[in-house]
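Biologist: Please take a close look at a single part of this model for me. I would like the sheet, and then whatever packs against it or opens beside it.

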Amino acid sequence: MDQRISLITLGSQNLTKAREFYQSLGWVEHEQSSDKVVFFQLKNGLVLGLYGWKDLAEDAGVPHDGNGFRGTALAYNVSSKEQVQPVIDAAILAGGKQVKRAQDVFWGGYSGYFSDLDGHLWEVAYNPFATLTEDGRFSIGEAFE
């Protein structure tokens, strides 16, 4: 597994207020945002996503309260569906825990989750609507120049 993070997703108790907070900092919302998810394309190729707290927990298949869910999920994007589960398997071999087996997901991609030794969630995903370069740069809905 390469050393990288593609997308940082933060669970939000109030998505509207979270969206307004980042916009007030001067961040420009990406056009692929919706009432369910907000994307900010960062200058270094990373993407910050805001998603409903309970919705993000449900997507990972964990409880939204208590120790099972911490309000964030780090994402590691790959170039094909076939690459998703092997990355999760490698994390499990390294001592992580499988949280959700790789599967087709409602937004049109393919993903699964593992947790690291401290319980931090990682989503491993193939997103057919994004660009992922060989050097790991990730972009929502647009090609790199």
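Modeller: Two strands count as paired here if DSSP finds at least two bridges between them. Keep in mind that this is a predicted model.

On that basis, 7 strands form an open sheet. Their order is 2-3-1-4-7-6-5, and the pairing is mixed. Strand 2 (37–41) and strand 5 stand at the edges. Each has a single partner strand, so one side of each is left without a neighbour in the sheet. On average, neighbouring strands are turned by 20 degrees against each other, direction ignored. Strands of a sheet pair through backbone hydrogen bonds, in either the parallel or the antiparallel sense. Both senses turn up below.

Start at the edge formed by strand 2. Strand 2 runs antiparallel to strand 3, and 5 bridges join them. Phe39 stands opposite Gly49 of strand 3. The two strands make a hairpin with 5 residues between them. In that hairpin Gly45 takes a positive phi near 95 degrees.

Next comes strand 3 itself, residues 47–52. How many of its residues are buried? The count is 6 of the 6, so strand 3 is largely enclosed by the rest of the structure. Buried here means under 20% relative accessible area.

Strand 3 also pairs with strand 1 (residues 7–12), this time in the parallel sense. The pair holds 6 bridges. Two partnerships place it on the structure. Leu7 has Val47 of strand 3 as its bridge partner. Leu10 stands opposite Leu50, also in strand 3.

Thr9 sits in strand 1 as well. Its relative accessibility is 10%, so Thr9 counts as buried. Leaving out residues up to four places away in sequence, Thr9 touches Gly49, Tyr51, Leu56, Gly71, Thr72 and Ala73. In a regular strand the side chains alternate between the two faces of the sheet.

Now the helix. Helix 2 (residues 53–60) lies across strand 1, strand 3, strand 4 (72–78), strand 5, strand 6 and strand 7 (121–126). Helix 2 runs at about 100 degrees to strand 3.

The loop between helix 2 and strand 4 holds Gly68. Buried or exposed, or something in between: which class does Gly68 fall in? Gly68 has 35% relative accessibility, so it counts as partly exposed. Beyond its neighbours within four places in sequence, Gly68 is in contact with Val62 and Pro63. From the C-alpha atom of Gly68 to that of Ala90 the separation is 22 Å, and these residues are 22 residues apart along the chain.

Gly68 also leads to the enclosed space. A search of the whole structure finds 1 cavity of 30 Å³ or more. The largest cavity contains about 30 Å³ of space. Its lining is made of Gly68, Phe69, Arg70, Thr72, Gly119, His120 and Leu121. By class, that lining has 2 nonpolar, 4 polar and 1 charged residues. Thr72 is also among the residues that Thr9 touches.

At the other edge of the sheet stands strand 5. Strand 5 (residues 97–104) runs antiparallel to strand 6 (residues 110–115), with 5 bridges between them. Lys100 has Tyr113 of strand 6 as its bridge partner. These two strands form a hairpin with 5 residues between them. In the turn, Gly108 has a positive phi of about 100 degrees.

Last, the open spaces. The largest pocket has a volume of about 460 Å³. Its lining has 21 residues, and the closest to its centre are Leu7, Val37, Phe39, Trp107 and Asn127. Strand 1, strand 2, strand 3, helix 2, strand 7 and strand 9 (138–140) each give two or more residues to this lining. The lining divides into 13 nonpolar, 5 polar and 3 charged residues. Two of the residues closest to the centre have been met already: Leu7 as the partner of Val47, and Phe39 as the residue opposite Gly49.

The second largest pocket holds about 190 Å³. It is lined by 12 residues. Lys97, Val99, Ser115, Asp116 and Gly119 lie nearest its centre. By class, the lining has 4 nonpolar, 6 polar and 2 charged residues. Gly119 is listed in the lining of the largest cavity too.

Technical notes. Residues are numbered from 1 along each chain as its sequence is written. This is a predicted model: local features need pLDDT of at least 70, side-chain atom pairs count only at pLDDT 80 or more; totals for chains, interfaces and linings use all residues. Side-chain values use heavy atoms; hydrogens and water are left out. Helices (H or I, at least four residues) and strands (E, at least two) are DSSP runs, numbered from the N terminus. Axes are lines fitted to C-alpha atoms, for helices over the stretch in contact, and angles run from 0 to 180 degrees between N-to-C directions. Contact means heavy atoms within 4.5 Å. Buried means under 20% relative accessible area, exposed over 50%, partly exposed in between (1.4 Å probe, protein chains only). On a 1 Å grid over the protein atoms alone, a cavity is a set of points where a 1.4 Å probe fits but cannot get out, and a pocket is an open set with protein on both sides within 12 Å along at least five of seven lines; lining residues have an atom within 4 Å of a point. Grid points are joined across faces, edges and corners, and a volume is the space filled by probe spheres set on the points. Ala, Val, Leu, Ile, Met, Phe, Trp, Tyr, Cys and Pro count as nonpolar, Asp, Glu, Lys and Arg as charged, and the others, Gly among them, as polar.
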